[in-house]
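Visitor: I would like a close look at one single part of this model. Please start small, then connect that part to the rest.

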Amino acid sequence: MAAVRKRVSPSRWLAYGIVALGGVIMLAPFWFMFVFATHTNTEILSVPPPLWFGSAFLDNVRLLIEKLPFFWRNLGLSFFIAFSVTVLNLFFCSLAGYAFAMYHFKFRESLFAVIMATMMLPAFIFMIPTVLIMSAIGWMNEAKALIVPGACGAFGIFMMRQFIGTAIPKELVEAARIDGCSEFGIFWRIVLPLVTPALGSLGLITFIGAWNNFAGPLVIMRDMDMFTVPLALRALQGTGQVPWGAISAGSAIAVLPLMVLFVIASRRLIEGLTSGAVKG
Amino acid sequence: MSVTSSDSPAASELAVSPPRRRRKLQAWEWAPYLFISPFFILFLVFGLFPLLFSMWLAFQTWDPSTGLQGMEWVGIENFKFVLEDDWFQKSLYNTFWIAIVSGLPQHLVAIPLAYFAHTYLRKHRNTVVGVYFLPFITSTVAIALVWNSLFSRDYGVINMALTSIGNLSIAGMHPLAWLFPTSNVDWAQPQYTKWMISSLVFWRYVGWNTVLYLSALQTIPRDLYEAATIDGATSRQQFWHITVPLLRPMMFFAVTLTIIGNLQLFEEPFIITGGTGGINQAGKTAAMHMYNTAFVDSDFGTASAVAWILFLIIGLMTWANNKFFAQKD
């Protein structure tokens, strides 16, 4: 912006106002979620509803545990699955991305096109066949059924290829090879340390996606003790008198880790998510 | 790449014609195939094979509890049944209704918002964009449950806000009563369920679209605007004649993502209607219909047909969108 204007026009103020109001609307559901998490059901079901924090958070958590005896286990399982999926994706996607960015090999372009094409397949189309295959190999109701199939995502390969292709000079790889470094050694010792920012973005994206995954666990997990958090929260629905306080507390616990991650690294996350969009 | 030497290997090594000479495969020649193999192995086992199986299933009648021998070929019966099924048609109608009502405003808000953030915000741009983006990363289930409490009939915050605007009284008149409700709305009623779902979808994805448009705006060179300013173009003219045309590729991309995403909507309506689809199935989407056919009715053949029909519809809409954006160039 070359010219800095001193006077801000009224219409600009109006725009600021609208954007700020929109921001308040965007945040309001989170606000009520946290506020309700600290109130008893009677307080929530009153007119007007509470707008500020109460003191019933621990009571709500107690109620939550009463309704969902495995909630802490569910939380741990969610973390375990999301963490495993993330680690596997970071490894396999960067390895494949490295191959696509740094090697010339037969069918490279067409194999990459196949990977890109799989991104176009909508998730619901896999729902039924996945259940059938998991029951056939006896993986129903087990965490690995959610970890293994998602261990190497197409988006991650695309993202890592873009990043490695621009961040690593080919001469570096050549030099390492001449010095006697093995092909995997080049990847592990030279390429990976140089792409940590991209690994951070991909890790965040993958973790959030796996943490929030609902449709997968919904068809795979049968027993309460194998539920992930979204599935457990959903089980609170339709149990007579809806325990809004406990639901809000559980939701807050499910959302809070992501909000913290987001506040720390929103920029990296957004950059990673849009990395493919600008060039494509 | 296998070398088939019929005679003695020594003979071929001593052969005078060098191009045919047997050569040891270098590590850098086979390593890339090894490095990309995890994706393909996983995709073959958990992607392609299941996909083909589900395509096969769509032509069968099958209840999985009867085992594989309970499968029976019925040709295109499943597809005929689904297309004539009133409940499927209704779910498809719901899907499109929600897709449009939640999708269109996303872009109508996201484009000006991204433009505003790009042009007028400096220091606080990331914070403002972050606030709008936050819903995108939160758990759908958690937030859909919160939505249910916000929209509850007697004690919900939404009803409280809407009725207080509807009952707003200025000098004994109710100037906004024609637009806003004056008594509590029962959002679980069929005529309102889709509004409730659409509001959640809009809220969740408007920030994502804003981020997409913002990243495209950042690639537009500043000197275009400077040149236009020198030529005397107003900022409104600049928006319509520079920004909008240059945003078109991103509009295409973002609208494509919205179409693909909204037509397979599952989690939001599933949680909001408690998995049932709501009263009179007013909030049941096509993906939910597929889920219920498979996992509630145990009719995997029909459910597979639903999946493939929906897949074809999404493909068709993506194609139409492609045509629409290509045509104007």
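Guide: Helices (H or I, at least four residues) and strands (E, at least two) are DSSP runs, numbered from the N terminus. Residues count from 1 along each chain as its sequence is written, with chains lettered from A and ligands numbered from 1 in written order. The model is predicted: local features need pLDDT of at least 70, side-chain atom pairs pLDDT 80 or more, while totals for chains, interfaces and linings use all residues.

Our part is S139(B). It sits in a loop of chain B, with helix 5 (125-137) on one side and helix 6 (140-150) on the other. S139(B) has 23 C-beta neighbours inside 10 Å, so it counts as buried (20 or more other C-beta atoms within 10 Å; exposed means 12 or fewer, partly exposed in between; C-beta atoms are placed from the backbone). What does S139(B) contact, leaving aside neighbours within four places in sequence? The list is N212(A), P230(A), A254(A) and V255(A). A contact puts two C-beta atoms, placed from the backbone, within 7 Å.

Widen the view to the interface. There, 67 residues of chain B meet 71 residues of chain A. On the chain B side, helix 2 (residues 27-57) gives the most, with 17 residues.

Now helix 2 itself. Chain B's helix 2 bends by about 45° at L44(B), taken as the angle between axes fitted to the seven residues ending there and the seven starting there. Before that residue, P32(B), F35(B), I36(B) and F39(B) are among the helix's buried residues. F46(B), G47(B), P50(B), S54(B) and L57(B) are the others. How far is L51(B) from our residue in space? C-alpha to C-alpha, S139(B) and L51(B) lie 27 Å apart, with their places 88 residues apart in sequence.

Helix 12 (residues 286-295) of chain B makes another stop. Nine of its 10 residues are buried, so this helix is largely enclosed by the rest of the structure. The buried set is A286(B), A287(B), M288(B), H289(B), M290(B), Y291(B), N292(B), T293(B) and A294(B).

Step back to the whole of chain B. It has 13 helices and two strands. Its radius of gyration is 28 Å, well over the 20 Å that the globule rule gives for 329 residues, so chain B is more spread out than a compact globule. The radius is taken over C-alpha atoms; the rule is 2.2 Å times the residue count to the power 0.38. Along its principal axes, the C-alpha trace of chain B spans about 110 × 70 × 35 Å. Of the 329 residues, 38% count as buried. Among contacts in chain B with a separation of 6 or more, 67% join residues 24 or more positions apart.

The partner next. Chain A has 14 helices and zero strands. With a radius of gyration of 24 Å, well over the 19 Å from the globule rule for 280 residues, chain A is also more spread out than a compact globule. Its C-alpha trace spans about 75 × 70 × 35 Å along the principal axes. Of its 280 residues, 42% are buried. Residues 24 or more positions apart make 76% of the chain A contacts with a separation of 6 or more.

Last, confidence. pLDDT is the predictor's confidence in each residue, from 0 to 100. Chain B averages 86, and 92% of its residues score at least 70. Residues 1-17 of chain B fall below 50; beyond near neighbours in sequence, that stretch has nine contacts in the model. Chain A averages 89, with 94% of residues at 70 or above. Among the elements of chain A, helix 4 (residues 71-102) has the highest mean pLDDT, 96, and helix 14 (residues 244-279) the lowest, 83. The model scores ipTM 0.88 and pTM 0.88.
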